[in-house]
Each structure stands twice: as structure tokens, then as C-alpha cells.
Amino acid sequence: MKKLQFNSPVILGVFLISLLSLVLGAITGGTSTMAIFSVYRAPLLSPLTYVRFFGHIFGHSGVQHFFNNMLLLLVVGPPLEKLYGSKTLAAGIAATALVTGLLHFIFFPSSILLGASGIVFMLIMLSSLSGAKSGQIPITLILVAIMYLGQEVYSILFINDNVANLMHIVGGVCGIGMGFLVNNRKTPI
């Protein structure tokens with residue numbers, strides 16, 4: 001009989017916390033999602049403001065939003081965690097959460113940001129850089145960036161759907177930055 005393997009602790013952790021957040025949100029009528037798992041303009045004196053800079057990646061507006069993000073996270077994330085290590089991937093996820101949370105807080109005071117989309121796009125761009133040699137830019141990165149950025153810019157300009165496309169782009173840029181950073185290091189972070 002085969003045993004279950006907890007093969008990707010960081011990615012599975014993000015999944016499980018996101019699932020818990022979704023269930024809590026359903027139980028509390030969205031109160032927990034707003035309190036902990038969403039970024040919006042709030043007083044800087046509130047400790048929860050700082051929690052939300054990171055916690056927003058675990059909140060989702062519903063089951064479909066959750067499934068869309070988690071499917072990609074679970075497909076793209078584990079190979080990257082194996083390649084770069086759990087600590088490095090956790091640092092990249094935390095940095096991306098903080099950057100997207102802060103930028104949204106500063107520049108979009110009248111809207112709410114939640115979901116793992118920025119993290120997913122960070123992982124997608126990081127994946128397109130995986131295995132790149134120092135000083136080289138993979139063609140896959142260029143193609144993914146063109147397709148991805150084109151889609152996001154089109155959505156920003158022509159689709160009004162309450163999706164934080166700019167934060168998707170920011171997540172992708174974080175993935176590119178992380179990829180160049182870790183691929184040029186001799187040892188993992």
C-alpha cells in the first residue's frame with residue numbers, strides 16, 4: 001500500500017490556509033475574509049492592516065475564484081519548490097504578497113484585493129525562468145511574458161471585471177526578479 005506524500009510543504013500550506021480561509025469566510029458571512037484575508041485602505045495603527053499585507057493571498061471571493069487560483073498553484077508550484085527549495089519559495093511568496101499588498105493599499109484606496117493570483121503569476125514567470133543559465137534569457141520567458149503581459153494589458157484597457165490585473169503584472173514581475181536573483185546565486189536562499 002502506498003503512503004501519501006506531503007511533497008510540497010509551502011505550496012500545500014498556501015492551499016490549506018486558503019481552503020481554511022474560504023471555509024471561515026463562508027461560516028462568518030465574509031467577516032473573516034474582510035478582517036484578515038483582504039487588503040484595503042485601513043488605519044496604519046491597526047495591527048490587522050499589516051497582517052492583511054500578507055494574508056490577502058489566502059482570501060478568495062468564492063469557490064470558483066479559489067479553484068482557479070489553486071489549480072494553477074498546485075500544478076506550477078511543487079516543481080518550483082523542489083527546484084528552488086521550500087525556504088526560497090516561501091520567501092518569494094511572502095515578498096510578492098507584501099509588494100502586491102502594499103502597492104494596492106497605496107494606489108487603490110477604494111478597492112479590495114484578495115486572492116492568490118499575484119502568487120500564481122509569480123510562479124508562472126519563475127517557472128519560465130527555471131533552469132536558465134546565468135547571463136542568459138530563455139526564449140520561454142520572452143514568449144510567456146509577451147502572452148501574459150498582453151492579456152493583462154488588454155484586460156486593463158478593455159474589460160471591466162473587478163480583477164486586479166495590475167497586481168497580476170506585479171506578481172509576474174516579482175517572479176522574473178526572483179528568477180534572476182535565485183538563478184544567479186550559487187546556493188539557495
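# A guided tour of the helix packing

Begin by selecting Ala97, which sits in helix H5, where helices (H or I, at least four residues) and strands (E, at least two) are DSSP runs numbered from the N terminus. The model on screen is a predicted one, in which local features need pLDDT of at least 70 and side-chain atom pairs count only at pLDDT 80 or more, while totals for chains, interfaces and linings use all residues. Residues are numbered from 1 along each chain as its sequence is written, and side-chain values use heavy atoms, with hydrogens and water left out.

Ala97 has a relative accessibility of 1% and therefore counts as buried (buried means under 20% relative accessible area, exposed over 50%, and partly exposed in between, with a 1.4 Å probe and protein chains only). Leaving aside residues up to four places away in sequence, Ala97 touches Phe53, Phe54, His56, Ile57 and Ile119, a contact being heavy atoms within 4.5 Å. If you also display Leu16, the C-alpha to C-alpha distance from Ala97 is 17 Å, across 81 residues of sequence.

From Ala97, move to one of its contacts, His56, which is found in the loop between H3 and H4. His56 is buried as well, with a relative accessible area of 1%. Beyond residues up to four places away in sequence, His56 touches Ile36, Phe37, Ser38, Val39, Ala97, Thr100, Gly101, Leu113, Leu114 and Gly115.

Next select Arg52, which is placed in helix H3 (residues 47-55). Is this arginine, Arg52, buried or exposed? Arg52 counts as buried, because its relative accessibility is 6%. A polar atom of the Arg52 side chain lies 2.7 Å from the backbone oxygen of Ala35; a polar contact is a pair of N or O atoms within 3.5 Å, where within protein one must be able to donate a hydrogen and the other to accept it, and residues adjacent in sequence count only if both atoms are side-chain atoms. With residues up to four places away in sequence not counted, Arg52 touches Met34, Ala35, Ile36, Ser38, Val39, Tyr40, Ala42 and Ser46.

Now turn to pairs of helices. Two packed helices are described by the angle between their axes and the distance between the axes. Here the axes are lines fitted to C-alpha atoms, for helices over the stretch in contact, and the angles run from 0 to 180 degrees between N-to-C directions.

Select helix H4 (residues 63-84) together with helix H5 (residues 86-107), which pack at an angle of about 120 degrees with their axes 6 Å apart. H4 and H5 are therefore oblique to each other (angles under 35 degrees count as roughly parallel, over 145 as roughly antiparallel, 65 to 115 as roughly perpendicular and the rest as oblique). Gly77, Leu80, Glu81 and Tyr84 of H4 make this contact with Ser86, Thr88 and Leu89 of H5. By class, the contact of H4 with H5 has three nonpolar, three polar and one charged residues, where Ala, Val, Leu, Ile, Met, Phe, Trp, Tyr, Cys and Pro count as nonpolar, Asp, Glu, Lys and Arg as charged, and the others, Gly among them, as polar.

Keep H4 and add helix H1 (residues 9-27), whose axis comes within 8 Å of that of H4 and crosses it at roughly 170 degrees. That angle makes H1 roughly antiparallel to H4. On the H1 side the contact includes Phe15, Ser18, Leu19 and Leu22, and on the H4 side it includes Phe66, Met70, Leu73 and Glu81. By class, the contact of H1 with H4 has 14 nonpolar, two polar and one charged residues.

Replace H1 with helix H6 (residues 117-129): the axes of H4 and H6 come within 9 Å and cross at roughly 40 degrees. Among the residues that meet are His65, Asn69, Leu73 and Tyr84 in H4 and Ser117, Ile119, Leu123 and Leu129 in H6. The contact of H4 with H6 has eleven nonpolar, five polar and no charged residues.

For the last stop, select Asn183, found in helix H8 (residues 165-183). Asn183 counts as buried, because its relative accessibility is 18%. Its side chain reaches the backbone oxygen of Leu129 at 3.0 Å, and, not counting residues up to four places away in sequence, Asn183 touches Tyr84, Leu129 and Ala132. Finally, display Leu19, which lies in helix H1 and counts as partly exposed at 34% relative accessibility. The C-alpha atoms of Leu19 and Asn183 are separated by 32 Å, with these positions 164 residues apart along the chain.
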